[in-house]
Amino acid sequence: MKASIKQISEITGFSPATISNALNHKKGVNRKTADTIFQVAKEIGYISENKISKIKLVVYKRNGLIIDDSPFFSVLLKGVESECKASGYEMVMCNLDRDDPDYKEQVQATMNDPSSAVILLGTELLDDEFPLYMNGSSPVVLLDCWSSNFPMNAVLINNADSAVNAVQYLVSKGHREIGYLRGKFRIKAFTSRFAGYSRALAKNELTLNNQYIFTVSTTMDGAYRDMKEHLKKGKKMPTAFFADNDMIALGCIKAFRESGYKVPDDISVIGFDDLPFCEISSPRLTTIKVFKYEMGQLAVKRVIELMKSGSKINTKTQVCTEFVERDSVADIRSGVKRGGK
């Protein structure tokens, strides 16, 4: 017997009109009811993953301070687009802005679209937003984010271990006073990088000195302005910094230089992301290369796997990085005295 709305009504007890409204994402059906209807519709074969014809790349924006200001994401999106095309799926891109008045309704419609699988670019997603995304009927893979409190299928950077490697490199160059350029907007990636920074200091029996942690804005201009204000206070500088990302590193380097510090002779800096700016900055920025394009491809492959298998097992894929040595770190093992202002 062919699955029908009448059959769903008999199983759930909801009226055919309610079921039709829920399946078409119309307003007026509460989330719990809609979730039940979609679950039964899938179980009896009324909705099939085989009907999915497109992969929806959903860009979540909490405030845009990370997403809007970095070329990191354009490469990531190209990876998604190319793999969708190679796999025969249409890619559709949409934004979900937390400040939109109908934001919750947009999320519900997006996460329960029977014609689409979802890749959720969750760079700016924090724990308080995860529950909204947990119970949709569409296959979903989280990209560039993950939460231990809300397990979902995810593809992300190996942030903590990458930060450990960066700090270990500074130690290998003789640095013992290692500071942290801390992004003011604490996305989950930054939190993991700080954990790696702290772990590397402890591993090398170095003190985590809070006086060497400088909080700055996450835009290049904002980081520059904030660091200029810190420097006006005459605070003691460490010999080296690990920065949450390249935008912060480059903004702070500009502030250091304008305040009379030489980079790397007085202050060494390591960034994170390997943006195109790093190769042409002065000095060229030592950083951590993220395989952005490949991350996008992996997310598409994983969501297609979910579509075909219907697996309920969540997997967390951490993509390893590559350390890129350039000119922004001084080797102070030789005993050459550090310069000053």
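Q: What makes two elements count as being in contact, and which strands does helix H6 lie across?
A: Contact means heavy atoms within 4.5 Å, and helix H6 (residues 159-172) lies across S6, S8 and S9, running at about 170° to S8; axes are lines fitted to C-alpha atoms, for helices over the stretch in contact, and angles run from 0 to 180 degrees between N-to-C directions. This is a predicted model, in which local features need pLDDT of at least 70, side-chain atom pairs count only at pLDDT 80 or more, and totals for chains, interfaces and linings use all residues. Residues are numbered from 1 along each chain as its sequence is written, and side-chain values use heavy atoms, with hydrogens and water left out.

Q: What makes S6 and S8 paired strands?
A: Two strands pair if DSSP finds at least two bridges between them, and 4 bridges join strand S6 (residues 178-183) to strand S8 (residues 240-243), which run parallel; in S8, alanine 243 is the bridge partner of leucine 181.

Q: Why does the span of helix H4 agree with its number of residues?
A: The expected span is 1.5 Å times one less than the number of residues, so the 16 residues of H4 (residues 72-87) should span 22 Å, and the end C-alpha atoms are 24 Å apart, which agrees.

Q: Which residues of H4 are buried, and which are exposed on the other side?
A: With buried meaning under 20% relative accessible area and exposed over 50%, partly exposed in between (1.4 Å probe, protein chains only), the buried residues of H4 include Phe72, Leu76 and Val80, whereas Lys78, Lys85 and Ala86 are exposed on the other side.
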